[in-house]
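Subject: Structure for you to look at

Dear colleague,

I am passing on the structure we talked about, and below it you will find what turned up when its ligand and its empty spaces were examined. Please keep it open while you read.

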Amino acid sequence: MAVESGTWEGVDLASLASREGTPLYVYSAPAIRSRVGALRQALAGLQAGIRYAVKANGNGAILRLLAEEGAGADIVSGGELRRALRAGIAAANIVFSGVGKTEEEIVFALEVGIGRFNVESRAELDTLQRIAAARGKVAVAAVRINPDVDAQTHAKISTGRAENKFGVSIEEARSWFSSKAAWPQVRLDGLHMHIGSQLLSLAPVREALARMAAFWRELSAAGHAIASIDVGGGLGVRYRDGEQAPDAAEYAQAIREALQGFDGKVLVEPGRWLVAEAGLLLSRVVLVKPGQSRRFLVLDAAMNDLLRPSLYEAWHDIVRVGGAVGREEQAYDVVGPVCETGDTFAKARLLPRCEAGDLVAILGAGAYGASMASTYNSRPLVAEVLLERGRHAVVRKRQTFDAMIAEECPVTEWIPACAT
Ligand code: LLP
């Protein structure tokens, strides 16, 4: 693979690291474009719209790139809505998911005219009605169904079981449609689901789609027009050799089969599939520490930069960048400098022998990497660059120490408790 030999998209990674510093998120523009193209091609024949899940990677340059490719957005907060609009994504191509939308966020989304609210509770439906009525607007909405299927993924990113906080049961959704008149300012004409993330098997997707499709048919027969069916995101990617991930064509075929005869809009909300493999985290080896029982490779990147291994025990392939030829392999526990044992990227990972100063790349870091980063241990957020045919552009500057603490302030005044 090119990264091991030291280049990616025609860019020499060692020079890039010297110029921009490490840790550094590196994204490939062509890789993202080709994923969008592949998905679009797979969905051909359907009236499909891609609503990229901004949470996977909300960097403005990536959002602009996706907007140029015609993608809309799936957002879950006012902040993500602002990001999407700022990147030039039309409000009409934005859907708003999430179990705890605040009134402020709903007002904002309604004012800018977003395409659709994916409603997750009766209380939210009531709020939407009240806010839309007060403004003389009609909110377009879909009900998020919780189909109660096991997505066969990590428990922390599984969302489609009855015990999860997301969506409502089909019985509950049925009652919303039969009393639609109670929410006159809400146009409830869509169905939505999202059963989980990093789905490697399509079987649960097929099962959930079948339940949603049966419900759509039942609603249509009862005279409820359904204009849009949003099948959510979740399509998994190959994080390690030998892992089998479904391809876009198979996924699209599952959608096509389930929704046969549906002539409305079909929305998909992929996040990870579009950007995960288009990103890596470039990091420098600080030192090699022969521990009492294990050999540690201590990087300058840490769990605050890429949380997935600590949070989900997620596997990310790690490669030594350049100059590996002729080096014997050694097993390393690859760790960061943060003061927690959980700050571990990999255990007993075989890598060509490494020394202080070497570069390693943590692959598959384009999704839920930078977007989940924090400044834990007072480590400023790292820089991000985008690669394009032998060139790179900085798309997020490295945070300075001053910027990291800019919103903190010393006590200058004690404000007395307000009388109510
Ligand atoms: N739509 C909804 C309503 C979602 O909640 C999500 C992800 C997506 C779409 C996009 O899912 P994707 O296609 O990326 O699988 N931080 C975790 C992933 C959390 C996903 C949350 N929801 C991770 O690093 O694995």
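A cavity, in the sense used here, is a set of grid points where a 1.4 Å probe fits but cannot get out. With that in mind, and remembering that this is a predicted model, a search of the whole structure finds one cavity of 30 Å³ or more. The largest cavity holds about 40 Å³ of space, and its lining is made up of M193, I195, L199, V205, V231, G233 and Y251. Sorted by class, six of these lining residues are nonpolar and one is polar, while none is charged.

The ligand is a separate matter, since the space it takes is the largest pocket. Around the ligand there are 19 residues, of which S197, E269, R308, Y312 and Y368 are the closest. This shell consists of six nonpolar, seven polar and six charged residues. Domain 1 (2-26 + 277-399) and domain 2 (29-274) both contribute residues to the shell, and therefore the ligand lies between them.

Some contacts with oxygen atoms of the ligand can be described individually. A backbone N or O atom of R272 is 2.8 Å from a ligand oxygen, a polar backbone atom of G271 is 2.9 Å from a ligand oxygen, and a side-chain N or O atom of K55 is 3.5 Å from a ligand oxygen. On its own the ligand would expose 580 Å², and the protein buries 92% of that.

With best wishes

Definitions and conventions: Residues numbered from 1 in each chain as written. Predicted model: local features only at pLDDT ≥ 70, side-chain atom pairs only at ≥ 80, totals over all residues. Heavy atoms only, no water. Near = heavy atom within 4 Å. Polar contact = N/O pair within 3.5 Å; in protein donor to acceptor, adjacent residues only side chain to side chain. Areas by Shrake-Rupley, 256 points an atom, 1.4 Å probe, with all protein chains shown as cover. 1 Å grid on protein atoms, 1.4 Å probe; cavity = no way out; pocket = protein on both sides within 12 Å on 5 of 7 lines; lining within 4 Å. Sits in = over half its atoms within 2 Å of the grid points. Nonpolar A, V, L, I, M, F, W, Y, C, P; charged D, E, K, R; others polar. Domains from an automatic or database assignment. Points joined across faces, edges and corners; volume = space filled by probe spheres on them.
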